[in-house]
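This report concerns a protein model with a bound ligand. It considers how the parts of the protein meet and how the ligand is held in contact.

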Amino acid sequence: METKAVRAFREDEGAPLCGMAHQIKDMAGFSFLMLRTGLGLAQCVLDKALLEGITEGCALRLYGEKVADERAPGGFELRVSKAEVLSRPSSPLPPQIGKYNLGMALENELGIRPVALRNLKKRAVFKVQEGIVRGFRGFLESQGFTEIHSPKLGLSGAEGGANMFRLPYFGDTVAVLAQSPQFYKQIMVGVFGRVFEVGPVFRAEKHATARHLNEYTSLDFEMGFIDSEKDVMAMETGMLRAVVELLQAEYAPQLKILKAELPEIDEIPYIEFTQAKEAIAARYNRRIRDPYDLEPEEEQLISKMMLEETGSRFCFVTRYPSKKRPFYAMDDFDDERYTRSFDLLFDGLEITTGGQRIHQYDRQVQKLLDRGMDPAEFEDFLMIHKYGMPPHGGLGIGLERLTMKFLGLQNIREASLFPRDINRLRP
Ligand code: AMO
């Protein structure tokens, strides 16, 4: 498999190759040096004299002759004739970095993340993550969406009070960190019609689980002129297909390193919330404890059931009860106990929440009042309803959760460069 870096290098015969000494293997009379470049590994062969003073972790500029070799990564090796050492590490690199498996407990690995990320398998996760964001952005751009950047500091949150980070602002003001770009993406539908954002969001989750972070990257989009939440679901299905296609076309080396099997995405099946709850209760002999929300185990069982019945690793759960959905969710026209909202499950985990939103002023104000909330506190947001909004809807996807599921990782922290959780604010 030829990486882009290697291709560029091959096409420019005279160019030296720059990179970091990733792994050095001594052979009889010569050494193999695996050079880590931004986009791949290059196999370099040096005789003993040239290797003098070079250790793993050195930044190098290597000159030499490129020779085709099927066994080398990228199909060639560099027979080095001249080596310039541009910098040397002041400490030997932890020996595991150059190995295929880092072989460290996650907690220990996170402690040395700045260097652990140089391990090829660890690094590949974030290359794939780049691909997911490129696929998301590229597909939405092709559908006429405009990218926006909303503020992360504000006075109120959109997703309820329990998990908001508050911090002292100027004077006596207390600011909150954005739990989502919800208000702003809806506002911007009134401006551009279709918008998306990729940005950080903050949740003061007080529990440490394998699927929660206190800061994560949210992939959001919001679109006007929809007939129902089904239009949003169809857009998400198209986007996921485009992401998988891009990953297959341009990220094959990383997927191979990670031994990842991407899902096939055709139409994504859906099932209504209540129907799903009842079906798994009967099928797996479970008691329904919370009729308004899904427990993590229920998400797993719904996914399992849908995989068995439809062959799809993804499934939408629709018509969530109003009680547990935010105040901006549009209630079902026939039955106000339910909303026109959905979650998307992927291999047993919720990766998306979305739905149609209330676009009528009176209706939005009434829903706030019904929930004992003060419309005056939402004056800025309500401006859009007051001055006219199309029927609209959208969704939010946790990038780390999506990455984790695409790659079959066990803990969300593995899909976050520098995870923030209840016990961790560094590195
Ligand atoms: P919700 O709060 O369900 O919806 O979040 C959307 C998606 O974000 C991810 N997610 C998380 N990922 C990591 N750590 C967390 N603590 C965490 N919390 C949520 C999940 C989830 O499905 N405004 C709505 C979206 C919308 O309707 O447009 C919202 O934020 O993948």
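The text below treats the domains, their interface and the surroundings of the ligand in turn.

The model is predicted. According to the domain assignment, the protein has domain 1, covering residues 4-93, and domain 2, covering residues 120-415. A distance of 44 Å separates the C-alpha centres of domain 1 and domain 2.

Contact between the two domains involves eight residues of domain 1 and four residues of domain 2. The size of an interface is often given as the accessible area lost when the parts come together. Between domain 1 and domain 2, about 400 Å² is buried, and carbon and sulfur atoms give 51% of this area. On the side of domain 1 that touches domain 2, two residues are nonpolar, four are polar and two are charged. Across this interface, one residue pair is in polar contact, with both residues at pLDDT 80 or more, while zero salt bridges are found.

Turning to the ligand, 23 residues lie around it, and those that come nearest are Glu159, Lys185, Glu350, Thr353 and Arg357. Polar contacts made by oxygen atoms of the ligand include those in the table.

| Residue | Partner of the ligand oxygen | Distance |
|---|---|---|
| Arg203 | side-chain N or O atom | 2.8 Å |
| Thr353 | side-chain N or O atom | 2.7 Å |
| Gly398 | polar backbone atom | 3.2 Å |

On its own, the ligand has 620 Å² of accessible area, and the protein covers 93% of that area. Thr353 thus appears twice in this account: among the residues that come nearest to the ligand, and as the side chain with an N or O atom 2.7 Å from a ligand oxygen.

Conventions:
Residues numbered from 1 in each chain as written. Predicted model: local features only at pLDDT ≥ 70, side-chain atom pairs only at ≥ 80, totals over all residues. Heavy atoms only, no water. Domains from an automatic or database assignment. Contact = heavy atoms within 4.5 Å. Buried area = accessible area lost by both parts, 1.4 Å probe. Salt bridge = Lys/Arg side-chain N within 4 Å of Asp/Glu carboxyl O. Polar contact = N/O pair within 3.5 Å; in protein donor to acceptor, adjacent residues only side chain to side chain. Nonpolar A, V, L, I, M, F, W, Y, C, P; charged D, E, K, R; others polar. Near = heavy atom within 4 Å. Areas by Shrake-Rupley, 256 points an atom, 1.4 Å probe, with all protein chains shown as cover.
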